[in-house]
Amino acid sequence: MRNFIKIFSILSFFGFYAVDAQQVVKRDTLSGTELVMTMDSRVSDAMTGLEEKCSRVAVHTSVINNDLPPRPTKIYVPNRELTNAEVCRKNPRILGYKIQITTVKSNDEANEIKSYFRKRFPNLKVETDASLRPNYKILAGSYFTKQSAASDLSKVREYFKSAFAVQYRIFCAEAK
């Protein structure tokens, strides 16, 4: 049995040398930049065949429907950074920041710290994250960026030395 495993592992090791990998250069559809990938030539040929079928289908439907020459699909890319309101309109929950006050071992401890925090900072929303049971994270606030959390973080650190800003899913409407 041991000899079989040794022979199988040696054959599989040398079997990977037979893969025909090559560098394939593709163009990005949005910005036109080049993307260099290393893949097997058979996989590259299969992908090219699928892409050609997709482009043929798109051309075929546009010619039948409008009797006009096919045009490439326009993709809107804004030339400026979106405002927070525009981001929130598209997605009410985004990846932002919260202040992690501390991590504790029990729910009772978490509730004590939350009530202490609410007395000190009544304007900040505080919540418990129990996803790391048996540990509980106490999180406060909702911020779009780490810089927007910095002023509240400095105030919180006066009472909780171990507090820091952490990336977290937030509701856009609550964020600063």
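These are my notebook entries on one protein chain, read from a predicted model.

**Entry 1: the whole chain**

I started with the overall count. The protein chain has five helices and six strands. I then read the elements in order from the N terminus, and they run α-β-β-α-α-β-α-β-β-α-β. Next I looked up burial. Of the 176 residues, 25% count as buried. I also checked how far along the chain the contacts reach. Taking contacts between residues at least 6 apart in sequence, I found that 62% join residues at least 24 apart. Last came the surface. The accessible surface of the chain comes to about 13,500 Å². Carbon and sulfur atoms hold 58% of that surface.

**Entry 2: strand β5 and its partners**

I turned to strand β5, residues 136–143. How many of its eight residues are buried? I counted eight of eight, so I noted the strand as mostly covered, with buried meaning under 20% relative accessible area.

Then I looked for its partners. β3 and β5 pair in the antiparallel sense, over six bridges. One pair I noted is Thr102, whose bridge partner in β5 is Ile138. Strand β4, residues 126–129, pairs with β5 too, in the antiparallel sense and over four bridges. There I found Val126 standing opposite Ala140. Glu127 has Leu139 as its bridge partner in β5. A hairpin of six residues joins β4 to β5.

**Entry 3: Ser131 in the loop**

I stopped at Ser131, which lies in the loop between β4 and β5. Is Ser131 buried or exposed? Its relative accessibility is 54%, and the cut-off for exposed is over 50%, so Ser131 counts as exposed. I also looked at its side chain. It makes a polar contact with the side chain of Asp129, at 2.9 Å.

**Entry 4: Gln100 in β3**

My next stop was Gln100, in strand β3, residues 93–104. I read a relative accessible area of 8% for Gln100. Buried means under 20%, so Gln100 is buried. What does its side chain meet in a polar contact? I found the side chain of Thr103, at 3.0 Å.

I then set aside the neighbours within four places in sequence and listed the other contacts of Gln100. They are Lys137, Ile138, Leu139, Ser162, Ala163, Phe164 and Val166.

**Entry 5: helix α4**

I checked the length of helix α4, residues 107–120. At 1.5 Å a residue, its 14 residues should span 20 Å. The C-alpha atoms at its ends are 20 Å apart, which agrees.

Which residues of α4 are buried? I noted Ala110, Ile113, Lys114 and Phe117. Looking down the axis of α4, I saw that the buried residues fall within an arc of 105 degrees, so they line one face of the helix. A general rule helps here: an α-helix has 3.6 residues a turn, so residues three or four places apart point the same way. On the other side of α4, I found Asp108, Glu112 and Lys119 exposed. I also asked what the buried residues of α4 pack against. The list is β3, β4, β5 and α5.

**Entry 6: helix α5**

I did the same for α5, residues 146–156. Its buried residues are Ala149, Asp152, Leu153 and Val156. They cover an arc of only 110 degrees around the axis, which puts them on the same side of α5. These buried residues pack against β3, α4, β5 and β6, residues 164–171. So I have α4 and α5 packing on each other, seen from α4 and from α5.

**Entry 7: Lys146**

I closed with Lys146, which sits in helix α5. Its relative accessible area is 46%. Exposed needs over 50% and buried needs under 20%, so Lys146 is partly exposed. Which residues does Lys146 touch, leaving out those up to four places away in sequence? I found Tyr97 and Ala165. Tyr97 lies 49 residues from Lys146 along the chain. Their C-alpha atoms are separated by 6.3 Å.

Terms used: Residues numbered from 1 in each chain as written. Predicted model: local features only at pLDDT ≥ 70, side-chain atom pairs only at ≥ 80, totals over all residues. Heavy atoms only, no water. Helix = DSSP H or I, 4+ residues; strand = E, 2+ residues; numbered from the N terminus. Buried < 20%, exposed > 50% of the residue type's maximum accessible area, 1.4 Å probe, protein only. Polar contact = N/O pair within 3.5 Å; in protein donor to acceptor, adjacent residues only side chain to side chain. Contact = heavy atoms within 4.5 Å. Pairing = 2+ DSSP bridges. Expected span 1.5 Å × (residues − 1). Arc of directions from axis to C-beta. Areas by Shrake-Rupley, 256 points an atom, 1.4 Å probe, with all protein chains shown as cover.
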